[in-house]
Amino acid sequence: MARALELAARGLYTTMPNPRVGCVIVREGKIVGEGWHERAGEAHAEVHALRQAGALANGATAYVTLEPCSHFGRTPPCAQALINSGVRHVVCAMQDPNPLVAGRGLQGLREAGIETRCGLFENQARQLNEGFVARMERGRPWLRIKSAASLDGRTALANGVSQWITSPEARLDGQHWRARSCAILTGIGTVLADAPRLTVRDIELVRQPLRIIVDSQLRCPPDAAVLADGRALIVTCRADVTRHDDFTSQGVEVLHLPGTDNQVDLSALLRELGRRGINEVLTEAGAQLNGALITAGLADALLLYLAPSLLGSSSRGMFDLPALATLTEAPRLTINSLEPIGPDLRIQGQFKHN
């Protein structure tokens, strides 16, 4: 199963909106076939592994990181392919949270006389597909806030200068997190102040993530760098069709999602992204949008790069949060990892939600 998880991770940048899945087929203690799901619409991991195993799959054990699918999608059901191959045992890391499968794949295997086991390395399998699992279980993607700051938690000088707080090594590491994400989310303040492109660089990809700009009053310039190739979505409160045309004419979609206080309804935005098959969202924004997402309980994880420098209290902070009356009201996280990246420190944490 550990090997199957390694194979599944090869699809980290390519399988969305599908999950990342790996499969290993073992007969008499030897691996006779292995494969992973490479791209949506193409063969699943089990099919690749069975092709490699050929006749040796008969009587073998298949280790799969996700319950084999039992329905016809863009490809035939993998559970039936395993049945047809003659495998004797199927071990999967976790049940598929997709309601179209959700236990039906394992049930079909058992009804065909195949012994099954589920739950081996389940935590690792869920972590690999945290976005897919989140979308299936709650209807919205996994949202990770990425930020870079000094040791005293400052993201920019008082005049807005922020390039570069962290090292080239940290910035390159950040490209990995962009690459695995279905979408990059930012606010209009960041677009106007920094003119980011929010594209993946230095990593070979078959597609760029969707870029999403929260822009309640539709202040984004039509020639903004972030809109350069048209693969972008502007979310606004402003129902101005003429103004929308400035963007739609160049292939940029405008989504009207007004909320309270003349602000975009962020919860509705996340639900809409879930409906569109977005699994993972990486937020690269300023203190206001970061704080709004945390306050609304929409942030799942924090990816923080800390540089060994101090910028002082007059510099800009990471999160614009409401004043707290007690410490118990503070948003809490579980720290999952601390790792040096060049001269900087990378912290990965997960928000605790009630």
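Visitor: What is the relative accessible area of Leu345?
Guide: This is a predicted model in which local features need pLDDT of at least 70 and side-chain atom pairs count only at pLDDT 80 or more, while totals for chains, interfaces and linings use all residues. Residues are numbered from 1 along each chain as its sequence is written, and side-chain values use heavy atoms, with hydrogens and water left out. Leu345 belongs to strand E16, residues 344-351 (helices, H or I, of at least four residues and strands, E, of at least two are DSSP runs, numbered from the N terminus). Leu345 counts as partly exposed (buried means under 20%, exposed over 50%, partly exposed in between, with a 1.4 Å probe and protein chains only), because its relative accessible area is 30%.

Visitor: Within what arc do the buried residues of H2 fall?
Guide: In helix H2, residues 45-53, the buried residues are Ala45, Glu46, Ala49, Leu50 and Ala53. Seen down the helix axis, they line one face of H2, because they fall within an arc (taken from the directions from the axis to the C-beta atoms) of 125°.

Visitor: Which exposed residues sit on the face of H2 turned away from its buried side?
Guide: The buried residues of H2 are covered by elements including strand E1, strand E2, strand E3 and helix H3. The face turned away from that buried side carries Arg51 and Gln52.

Visitor: How far apart in space are Thr15 and Gly41, C-alpha to C-alpha?
Guide: Thr15 lies in the loop between helix H1 and E1, and it counts as buried because its relative accessibility is 0%. In sequence, Thr15 and Gly41 are 26 residues apart, but in space their C-alpha atoms are separated by 9.0 Å.

Conventions. Contact = heavy atoms within 4.5 Å.
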